[in-house]
Amino acid sequence: MTRYRVLSLDGGGSWALIQVKALMRLHGAEATGHAVLSQYDLVAANSGGSIVLGGLVENMTLADLLAFFLSEEARKSIFVEKWLHIGKIPTPKYKTEAKLEGLTAAFPLRGGLLLADAAAEIVNERTGRPVHLLITSFDYDRQRGRFFRSAPASGPAWGDGDAAEVKVVEAMHASTNAPVLYFDKPAEFASEQGMRYWDGGVSGCNNPVLAGVAEAVVLGNAPQSIVALALGTGSVALPQGPAGAEPAYLYAAVEEPGVLHDVKKLAGSILDDPPDAASFLAHVLTGGAPDLPRPVDSRVVRMNPLVAPVRNADGKWALPEGMSVGDFEVLTNLGMDAVEQEDVLTIERLAALWLEDKARNQPVRMSGATQKAEIGHDCCGDARTAWRILCASE
């Protein structure tokens, strides 16, 4: 069976460097963006993942794209701080308009192209057709999700999904505009006068794999022909411990509700569920496990590092091998808008441990009680192997 390959890129701001590291392991550090994209039929991206997609469309090498994420100057051209920000009160920290300027400067060759024109340059090596690009956002005024497509996705049973007449950087700008705690107003741009946007995570698409798989079905592909690689940007998964459990940093804290606390918690929830559920829902949509080459157990492969303890030989929770207490505590509290160099280097160290199977991988479905994989893979290496098997079994 010819498989329709979907690449899904989560949101997560600076943490999206993890996706670049994963792509480097799969395709090689010197692979160009177009060479990577030519391996997939459809790419769905949100927020930080849309910046990765922008770099791939720009045809940067993966090594150069990683250098972009590791550059404090580049990050601060996108996360431009407001001159007045009250840290203890939930107020926006960054300037929306300055973000569009930063993205435009970062991707000068193809960022100014319309999505359709940019996609037309990138041909799938197996089919000879342009890759289908899908960038997710949220329509601020209509209060509903918005998909920016490089080509129509329509059908008699599905209605009309129009191609977006917007530039690559404009779609990225809309998709990366996380509200409340981050950017100071909705994103606007010249191609769509009067339209305003928030981050696609608000529409439940921080992990856009379900949106990507649904788009693939609408494009006429049988669900069981679709395979998806869902690259994440790191998730915190701390076990619930008994009161007073030690060391406290290994366990989820029980927090008191309150207005200010809950506003921050609600704003942060767009990075967790429903995104954590999206991989399993896409697994169900693509038909589950029957007829797959073993040991593969899903057409959806989730690759996403967990900031989480591991069970040691005594059955107790412990730090992942090679991770310091300091790094673990930083990672459990670090926002998606990591700008300072040491914070970003801490994320890079997490990615290195994960790629070597020392930090855990988020599976498609995980037991809430034991945190073990029920579907998918606890180790990044096993997930990579599963993806290669799926691609080789066409």
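Leaving aside its neighbours within four places in sequence, which residues is P293 in contact with? In this predicted model, the residues that P293 touches under that condition are R3, I389 and S393. P293 itself is found in the loop between α11, which covers residues 275-285, and β8, which covers residues 300-303. Although P293 and A386 are 93 residues apart along the chain, their C-alpha atoms are separated by 9.2 Å. With a relative accessible area of 25%, P293 counts as partly exposed, because a residue is called buried only under 20% and exposed only over 50%.

From this one loop we can step back to the whole chain, in which there are 14 helices and 13 strands. A compact globule of 394 residues would have a radius of gyration near 21 Å, and the value of 20 Å for this chain agrees with that. Taken along the principal axes, the box filled by the C-alpha atoms is roughly 55 × 55 × 40 Å. Of the contacts in the chain with a separation of 6 or more, 71% are between residues 24 or more positions apart. Buried residues make up 54% of the chain, while the area that the chain exposes is about 16400 Å², with carbon and sulfur atoms supplying 54% of that area.

Helix α8, residues 168-175, shows what burial looks like in a single element: 8 of its 8 residues are buried, so the helix is largely enclosed by the rest of the structure. Among these buried residues are E170 and H173, as well as V168 and M172.

The backbone also deserves a careful look. Most residues other than glycine have a negative phi, and most peptide bonds are trans. Q143, in the loop between β3 and β4, has a positive phi of about 55° although it is not a glycine, and with a relative accessibility of 64% this residue counts as exposed. V180, which lies in the loop between α8 and β5, likewise has a positive phi, here about 70°, but its relative accessibility of 34% makes it partly exposed. A cis peptide bond leads from E246 to P247, with omega near -5°, and P247 belongs to the loop between β7 and α10. Another cis bond joins R294 and P295, with omega about 15°, and P295 is found in the loop between α11 and β8.

Finally, the second largest pocket holds about 230 Å³ of space. Its lining consists of 13 residues, and P309, V310, R311, R360 and D378 lie nearest its centre. Sorted by class, the lining has 5 nonpolar, 2 polar and 6 charged residues.

Key
Residues are numbered from 1 along each chain as its sequence is written. This is a predicted model: local features need pLDDT of at least 70, side-chain atom pairs count only at pLDDT 80 or more; totals for chains, interfaces and linings use all residues. Side-chain values use heavy atoms; hydrogens and water are left out. On a 1 Å grid over the protein atoms alone, a cavity is a set of points where a 1.4 Å probe fits but cannot get out, and a pocket is an open set with protein on both sides within 12 Å along at least five of seven lines; lining residues have an atom within 4 Å of a point. Grid points are joined across faces, edges and corners, and a volume is the space filled by probe spheres set on the points. Ala, Val, Leu, Ile, Met, Phe, Trp, Tyr, Cys and Pro count as nonpolar, Asp, Glu, Lys and Arg as charged, and the others, Gly among them, as polar. Helices (H or I, at least four residues) and strands (E, at least two) are DSSP runs, numbered from the N terminus. The radius of gyration is taken over C-alpha atoms; the globule rule is 2.2 Å times the number of residues to the power 0.38. Buried means under 20% relative accessible area, exposed over 50%, partly exposed in between (1.4 Å probe, protein chains only). Contact means heavy atoms within 4.5 Å. Accessible areas come from the Shrake-Rupley method with a 1.4 Å probe; for residues, only the protein chains shown count as cover.
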